[in-house]
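Me: I've got this model open and I'd like to go through it piece by piece. Can you take my questions as they come?

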Amino acid sequence: MPQENKPSSVPPKKDKQEARRDFLKQSSAVMALALAPPLVLKAAQHDEAIAAVFEKMPVNLEINGKKMQLSVEPRVTLLDLLREQLALTGTKKGCDHGQCGACTVHVNGQRINSCLTLAVMQEGKKITTIEGLSNGDQLHPVQEAFIRHDGFQCGYCTPGQIMSAVACLHEGHAGSPEQIREFMSGNICRCGAYDNIVNAIMDVKNGGQTA
Amino acid sequence: MNPFSYVRPNSLKAAIDAMARDHSARFIAGGTNLLDLMKNGVTLPEKLIDINQLPLREIRQDGNTLHIGALVLNSDLAAHELVKTQHPLLSEALLAGASQQLRNMATVGGNMMQRTRCTYFYDTSMPCNKRQPNSGCGAIGGINRMHAIFGASDNCIAVHPSDMCVALAALDATVLVAGPKGERRIPFTDFHRLPGNTPQLDNNLAKNELITAVEIPPHPFTKHICYLKVRDRASYAFALVSVAVAMDISDNVIRNIRIAMGGVAHKPWRLPDAEKALTGKAPTSDNFRLAATIATQGAKTYAHNGFKKDLAFNSIQTALLKAATA
């Protein structure tokens, strides 16, 4: 199977560490005044970044090409941040437990379930949602193929299916209908549009000529 | 989710120190099992220690040993050239597990630390000795179709759902862990536990220890391998039964063989007696049938999982045959 070449080791970037240190300097004083639990104060001497219960912490993300400085509670998932705080409701909440794939987004180009990661864990990452896929009014080829092949019925799973399909093609996992079915298995469609979804992906893989 | 505090240490020492200060804390890497458990109120840590800044993402060859950092993603490991060529059983097992989205999040250490579990463990309205020691087991007299047929106890019959761990058990991997007293090594097959009287413990990692790496020693298993996973749907489901087979055959004789199973026990289940029975023998259907008989002799089934004994008997033979003819 062809695979994207990825480095097996990703060294931490200096600029991010420095940013966190700056945050720590600012926020530890604020925290000391606001909360002053001894554990937190002691921990702050050792840890890079820290947030107490209910305390919001800053997180820097690039979302659909736009750099954002946000503030979230640690318990907020990436999915809830996108939907509730940024009104990017194209990304759907289906099961909220990583079983359905409706919440699929790209982080640094890789597809993940946004319901099973915390927003604060994505510090410094580039997030792409379904809203960031098209180029203005020009739909992404996978979006066009889904329309052409009727790759949906109710449409609720569709943003996740499309984000997953784009990544599946990019990974080189769309070599055959069988391989597409295997590598798209994390996206459930309860309307059962699977045949058309596979056809849409095959169509893009083959250069959009088979419609 | 219940609220919790969050720290993101940038060194191994800081991570271990953070855990030492607060025993209700949990380490988080990919979070694919932990956050799920937290959303269900099964696990309620007061603090999460995010270990993603730690330098544990390397895959490297140390002599003939493959060193895999604990934070290597399941998808990266499955696709790594050294794994595909030298340890194809591991690559196959990884790709049989979860979905590509989850493999892009899940780490090697996290895969090992995912809870041995069943639906009663997840359902906080039901008794479960693993979630709440001495509360009873909902599964033994309940719906137990997915449950263990080997090594269970009267306290717990849940199974460990990992595929990766089944391959690592077969390949005699070693787990490297770090704690306040320094580092230690644990043979992979001793890492996870059987339930016994302490089903709340899935493994032998101490509370303040952290997995740093897994090592796979050199082995001859690059050709005759098979990871067979039998499940309720074609993809993206836990195994009813899975079988990992790696064998070295020359002159029509099995020189060396490893067999391990998933979905049948509280931990990855090696089959030493079946391995012994096949070592030095010819790779024939008759010998494979004998090995499968030996392997399933001690199976204990419950009201709804009786089929698993037959499924295991058949799956072992199929996996052996596939590996032999690979």
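**Walking through the two chains**

Along its sequence, chain A follows the pattern α-α-β-β-β-α-β-β-β-α-α-α-α. Bear in mind that this is a predicted model.

Me: How many helices and strands does chain A come to?
Reply: The pattern α-α-β-β-β-α-β-β-β-α-α-α-α has helices at both ends. Tallied up, the secondary structure of chain A is seven helices and six strands.

Me: What share of the residues of chain A count as buried?
Reply: Start with the contacts: among those in chain A with a separation of 6 or more, residues 24 or more positions apart account for 53%. As for burial, of the 211 residues in chain A, the share that counts as buried is 47%.

Me: Is strand 2 of chain A largely enclosed or left open, and how many of its residues are buried?
Reply: Strand 2 covers residues 57-63 and has seven residues in total. It is largely enclosed by the rest of the structure, because the number of buried residues is five.

Me: Which residue is the bridge partner of V59(A) in strand 3 of chain A?
Reply: Strand 2 of chain A and strand 3 (residues 66-72) run antiparallel and are joined by seven bridges. The two make a hairpin with two residues between them, and N64(A) in the turn has a positive phi of about 50°. Within that pairing, the partner of V59(A) is L70(A).

Me: And what stands opposite I63(A) in strand 6 of chain A?
Reply: Here the pairing is parallel: strand 2 of chain A meets strand 6 (residues 126-128) over two bridges. Opposite I63(A) in strand 6 you'll find I127(A).

Me: Which helices are included in what covers the buried residues of helix 7 of chain A?
Reply: Helix 7 (residues 194-205) has twelve residues and reaches 16 Å from first C-alpha to last, close to the 16 Å expected. Its buried residues are I197(A), V198(A), A200(A), I201(A), M202(A) and D203(A). Their cover includes helix 4 (141-148), helix 5 (158-171) and helix 6 (177-183) of chain A.

Me: Which residue just after helix 7 of chain A takes a positive phi?
Reply: Helix 7 runs over residues 194-205. Just past it, a positive phi of about 85° belongs to G207(A).

Me: How many disulfides are there over all chains?
Reply: A disulfide needs two cysteine sulfurs within 2.5 Å. The sulfur of C189(A) is 4.0 Å from its closest cysteine sulfur, in C157(A), so that's too far for a bond. C168(A) has its closest cysteine sulfur in C157(A) as well, at 15 Å, which is also too far. Over all chains, the count is zero.

Me: Are C168(A) and C189(A) buried or exposed?
Reply: C168(A) has a relative accessible area of 0%, so it is buried. At 2% relative accessibility, C189(A) likewise counts as buried.

Me: Over to chain B. Which strands stand at the edges of its five-stranded sheet?
Reply: The sheet is open, with antiparallel pairing and the order 4-5-8-6-7. An edge strand has a single partner, so one side of it is left without a neighbour in the sheet. Neighbouring strands are turned by 25° against each other on average, direction ignored. The edges are strand 4 (59-62) and strand 7 (182-187).

Me: What is the bridge partner of Q61(B) in strand 5 of chain B?
Reply: Strand 4 and strand 5 of chain B pair antiparallel over four bridges. In their hairpin, two residues lie between the strands, and G63(B) takes a positive phi near 65°. Q61(B) is partnered by L66(B).

Me: Which residues of strand 5 of chain B point the other way from T65(B), H67(B) and G69(B)?
Reply: In a regular strand, side chains alternate between the two faces of the sheet. Strand 5 (residues 65-69) is mostly covered, with five of its five residues buried. Pointing the other way are L66(B) and I68(B).

Me: What stands opposite G69(B) in strand 8 of chain B?
Reply: Strand 5 and strand 8 (residues 210-216) of chain B pair antiparallel over four bridges. Opposite G69(B) is A213(B).

Notes. Residues are numbered from 1 along each chain as its sequence is written. Chains are lettered from A and ligands numbered from 1 in the order in which they are written. This is a predicted model: local features need pLDDT of at least 70, side-chain atom pairs count only at pLDDT 80 or more; totals for chains, interfaces and linings use all residues. Side-chain values use heavy atoms; hydrogens and water are left out. The expected span of a helix is 1.5 Å times one less than its number of residues. Buried means under 20% relative accessible area, exposed over 50%, partly exposed in between (1.4 Å probe, protein chains only). Contact means heavy atoms within 4.5 Å. Two strands pair if DSSP finds at least two bridges between them. Axes are lines fitted to C-alpha atoms, for helices over the stretch in contact, and angles run from 0 to 180 degrees between N-to-C directions.
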